[in-house]
Amino acid sequence: MATQLQGKRILIAKPGLDGHDVGAKVIALALRDAGAEVIYTGLRKTPDYIARVAAEENVDAVGLSILSGSHLELVKLTAAALKREHADDVPLFVGGTIPRGDWNALKESGVDCVFDSEMSLEQIVDEVARRLA
Amino acid sequence: MTDATAPRAPINRRALGRALSRIADAMVAEALAVLDGEAGAAREVWRCGITGPAGVGKSSLVGRFVNARLAHKRRVGVVAIDPSSPYSQGAILGDRIRIDAHGDDAELFVRSLASRHARDGLADNIANVLALLEAHDFDDVLVETVGAGQSQYEVRELVDTLIVVLMPGAGDMVQAVKAGILETGDIYVINKADRPGAKEMVAEIASVLRHPQSSDDWLPPVVLASALGGDGIAELDAACEAHRAWRASHLDAATARRTRRRAHVRALVARRLAEVTDGADDALWDVDVASAYHAVVAGLDYPRR
Ligand SMILES: Nc1nc2c(ncn2[C@@H]2O[C@H](COP(=O)(O)OP(=O)(O)OP(=O)(O)O)[C@@H](O)[C@H]2O)c(=O)[nH]1
Ligand SMILES: [Mg+2]
């Protein structure tokens, strides 16, 4: 039984307007199966809400799932909101449909790791575990 | 409530979030060090438990109820517990989505906890967690238990008012009576009033509740509600205020404090016992039961820090 993420608390959040959360739910379950305590926000949450939940829940990481194409803006807003809650030290991950060309810009906005849709669940869990170790 | 004219310091969500993790993750020694000499909150804080079977609508109801409490200008802290997987120890903490869908109220704080080692519908160190919230200037502290089993017994002693939530459906009544649910609640809510059979269930539950022995006893009201539509929330709020008033005039504060403290100490000892038995060498379980018992008991204590 995988227990790489035991004792970790992770927020999986969907900012913005896209209406699909199958991917986010699959990730949440995979993280749970690796031992993490996962807080999932549901669809269409504001960056302010996400930052507030991250602070209240004292999570070890925030994962944003974004399919709407507005990832550059949403990440900037979320990073700023985390800063307002004094939670900008929490690692920020992003997954969804993110073109490679935008990765550097996201990292400059404070993203620690981008997960692309080619990665398997196992690879994603391993990478999260490595970064939170 | 505090002085209405003096503005309250805003909730420091980051600091409180961290402090809650520290106490929720603490070994008993550390929890005791935090609690040593702690007298508890100086102000009167109302503690309310919300329990009931899985999926009856506890979280949805808490979400509605919180708004009623906030409307009284009360600062509200909520602890919502979801079960940990016995296989991976992981958990999906899903209560809070229904509790603070908008999450922009300055006077509300919500924290999710996984049940971890606790087998009683609560979470590790829950008594410490509630005490910590109390010390942080909240007026109301609400705790939603895991929706299964016999969680009502343990939470009973930790709260002032226990709300038991049920919903209409075949077998519910039998289940509830079997589980002893109808002896522990201060207030019963039949949720999902929009579903068939809800009204009948209110009458049914009211008829089988324990009847007061004297006019001084509290008669638990049965409130019909719909967390979906928001019906019955004002009645629930009124029932809670009535129960608070009844407690204030009928219960001796010293007795209530003793009950609360006994539950807290028992929880700490139970947790300490788990620490000792989980951490023991295999060799301990090769000796006879009486010897192992004495070795475990001797291992429970350590010098006070
Ligand atoms: N029809 C109807 N459905 C409701 C009502 N209240 C809640 N629900 C639904 O019941 C389901 C469970 O609601 P929750 O609030 O998560 O129930 P819970 O008791 O907190 O569940 P657990 O924490 O998992 O035990 C959800 O799908 C809600 O939308 C209601 O008044 N009427
Ligand atoms: Mg719930």
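Leaving aside its neighbours within four places in sequence, which residues is B:Ile92 in contact with? They are A:Ala28, A:Leu29, A:Arg32, A:Val38 and B:Asp82, where contact means heavy atoms within 4.5 Å.

Some ground rules before going on. This is a predicted model, in which local features need pLDDT of at least 70 and side-chain atom pairs count only at pLDDT 80 or more, while totals for chains, interfaces and linings use all residues. Residues are numbered from 1 along each chain as its sequence is written, chains are lettered from A and ligands numbered from 1 in the order in which they are written, and side-chain values use heavy atoms, with hydrogens and water left out.

**B:Ile92 and chain B overall**

B:Ile92 sits in strand β3 (residues 91-93) of chain B. Helices (H or I, at least four residues) and strands (E, at least two) are DSSP runs, numbered from the N terminus. With 28% relative accessibility, B:Ile92 counts as partly exposed; the cut-offs are under 20% relative accessible area for buried, over 50% for exposed, and partly exposed in between (1.4 Å probe, protein chains only). Its C-alpha atom is separated by 32 Å from that of B:Asp281, 189 residues apart along the chain.

Chain B as a whole has 11 helices and 8 strands. Of its 305 residues, 49% are buried. If you take the contacts in chain B with a separation of 6 or more, 77% of them are between residues 24 or more positions apart. The chain exposes about 14,900 Å², and carbon and sulfur atoms supply 56% of that; accessible areas come from the Shrake-Rupley method with a 1.4 Å probe, and for residues only the protein chains shown count as cover.

**The magnesium site**

The magnesium ion (ligand 2) is held by B:Ser59 (OG), B:Asp95 (OD) and B:Glu144 (OE), at 2.1 to 2.2 Å. Along the sequence these donor residues follow the spacing S-x35-D-x48-E. B:Asp95 in helix α4 (residues 95-99) and B:Glu144 in strand β5 (residues 140-144) link distant parts of chain B, 49 residues apart. Both B:Asp95 and B:Glu144 are buried. Donors here are N, O and S atoms within 2.8 Å of the metal (3.2 Å for Na, K and Ca), and water is not among the atoms, so sites may look incomplete.

**Helices against helices**

In chain A, the axes of helix α1 (residues 22-33) and helix α5 (residues 121-132) come within 10 Å and cross at roughly 60°. That makes α1(A) oblique to α5(A). Axes are lines fitted to C-alpha atoms, for helices over the stretch in contact, with angles running from 0 to 180 degrees between N-to-C directions. Angles under 35 degrees count as roughly parallel, over 145 as roughly antiparallel, 65 to 115 as roughly perpendicular and the rest as oblique. From α1(A), A:Val26, A:Ile27, A:Ala30 and A:Leu31 meet A:Leu121, A:Ile124, A:Val125 and A:Val128 of α5(A).

Over in chain B, the axes of α10(B) and helix α11 (residues 289-300) come within 9 Å and cross at roughly 120°, and the two helices are therefore oblique to each other. On the α10(B) side the contact is made by B:Arg272, B:Leu273, B:Val276 and B:Thr277, and on the α11(B) side by B:Val296, B:Gly299 and B:Leu300.

Next to those residues in α10(B) (residues 253-279) is B:Arg271. This arginine, B:Arg271, is buried, with a relative accessible area of 15%. Setting aside neighbours within four places in sequence, B:Arg271 is in contact with B:Ala26, B:Val28, B:Asp124 and B:Asn125. Helix α5 (residues 126-134) of chain B is mostly covered too, with 8 of its 9 residues buried.

**Three loop residues**

| Residue | Loop | Relative accessible area |
|---|---|---|
| A:Asn58 | between α2 (47-56) and β3 (61-66) of chain A | 16%, buried |
| B:Lys73 | between α3 (58-71) and β2 (76-82) of chain B | 66%, exposed |
| B:Pro220 | between α8 (198-208) and β8 (222-224) of chain B | 14%, buried |

Most residues other than glycine have a negative phi. A:Asn58 has a positive phi of about 45° although it is not a glycine, and B:Lys73 has a positive phi of about 65°. As for B:Pro220, it touches B:Gly185, B:Asp186, B:Tyr188 and B:Leu209, not counting residues up to four places away in sequence.
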